[in-house]
Amino acid sequence: VILNLIAQWLGNETSLLVNERHSRHKHDDIKQRFISLTPREQQVLKHLVLGESTKIMAKKLAISTKTIELHRANLLRKTKSRSSTELVQLAVLAGVME
């Protein structure tokens with residue numbers, strides 16, 4: 001009986017360690033997606049995370065709305081995000097805005 005309990009406990013601990021490693025690897029993978037961003041893309045991302053509109057971002061960064069849209073498209077491509085919402089979620093998860 002005791003051996004069964006020990007075996008069960010070891011199995012649970014092993015499973016937890018595997019899940020933790022997988023989670024850490026996934027976090028590192030997400031973080032890697034943000035490494036190649038240019039300083040301007042990082043600025044646009046910051047404003048996206050703050051929930052600002054394209055028009056407001058363009059005004060604050062003194063660039064056109066078309067340029068903001070270009071930076072947003074590059075952000076989506078570089079981070080492999082399917083939407084601006086996913087991009088913001090990944091940025092927060094990766095901790096790149098801290």
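## Exercises on a predicted five-helix chain

Glutamate 86 is buried, with a relative accessible area of 17%. The model is predicted. The exercises below start from this residue and work outward.

**Exercise 1. Place glutamate 86 and find the backbone atom that its side chain meets.**

Step 1. Locate the residue. Glutamate 86 sits in helix H5.

Step 2. Check burial. The cut-off for buried is under 20% relative accessible area. Glutamate 86 has 17%, so it counts as buried.

Step 3. Look for a polar partner. A polar atom of the glutamate 86 side chain lies 2.5 Å from the backbone nitrogen of arginine 82.

Step 4. Add the buried neighbours. Helix H5 covers residues 84-94, and its buried residues are Glu86, Leu87, Val88, Leu90, Ala91 and Ala94.

Step 5. Recall the helix repeat. An α-helix has 3.6 residues a turn, so residues three or four places apart point the same way.

Step 6. Go past the end of the helix. Glycine 95 comes just after H5 and has a positive phi of about 75°.

**Exercise 2. Describe how helix H3 packs against helix H4.**

Step 1. Take the axes. Helix H3 spans residues 54-61 and helix H4 spans residues 65-79. Their axes come within 8 Å and cross at roughly 105°.

Step 2. Classify the angle. The range for roughly perpendicular is 65 to 115 degrees. H3 is therefore roughly perpendicular to H4.

Step 3. List the contact. H3 contributes Thr54, Lys55, Met57, Ala58 and Leu61. H4 contributes Thr65, Ile68, Glu69 and Arg72.

Step 4. Sort the residues by type. This contact of H3 with H4 has 4 nonpolar, 2 polar and 3 charged residues.

**Exercise 3. Examine the positive phi angles of alanine 62 and lysine 80.**

Step 1. Start with alanine 62. Its phi is positive, about 55°, although the residue is not a glycine. Alanine 62 belongs to the loop between H3 and H4.

Step 2. Test its exposure. The cut-off for exposed is over 50%. Alanine 62 reaches 68% relative accessibility, so it is exposed.

Step 3. Repeat for lysine 80. This non-glycine residue also has a positive phi of about 55°. Lysine 80 is found in the loop between H4 and H5. With a relative accessible area of 62%, lysine 80 is exposed.

**Exercise 4. Summarise the whole chain.**

Step 1. Count the elements. There are 5 helices and 0 strands.

Step 2. Gauge burial. Of the 98 residues, 30% are buried.

Step 3. Assess the surface. The chain exposes about 7,100 Å², with 58% supplied by carbon and sulfur atoms.

Step 4. Check contact range. Of contacts between residues at least 6 apart in sequence, 55% join residues at least 24 apart.

Note on methods
Residues numbered from 1 in each chain as written. Predicted model: local features only at pLDDT ≥ 70, side-chain atom pairs only at ≥ 80, totals over all residues. Heavy atoms only, no water. Helix = DSSP H or I, 4+ residues; strand = E, 2+ residues; numbered from the N terminus. Buried < 20%, exposed > 50% of the residue type's maximum accessible area, 1.4 Å probe, protein only. Contact = heavy atoms within 4.5 Å. Areas by Shrake-Rupley, 256 points an atom, 1.4 Å probe, with all protein chains shown as cover. Axes fitted to C-alpha atoms, helices over the stretch in contact; angles between N-to-C directions. Parallel < 35°, antiparallel > 145°, perpendicular 65-115°, else oblique. Nonpolar A, V, L, I, M, F, W, Y, C, P; charged D, E, K, R; others polar. Polar contact = N/O pair within 3.5 Å; in protein donor to acceptor, adjacent residues only side chain to side chain.
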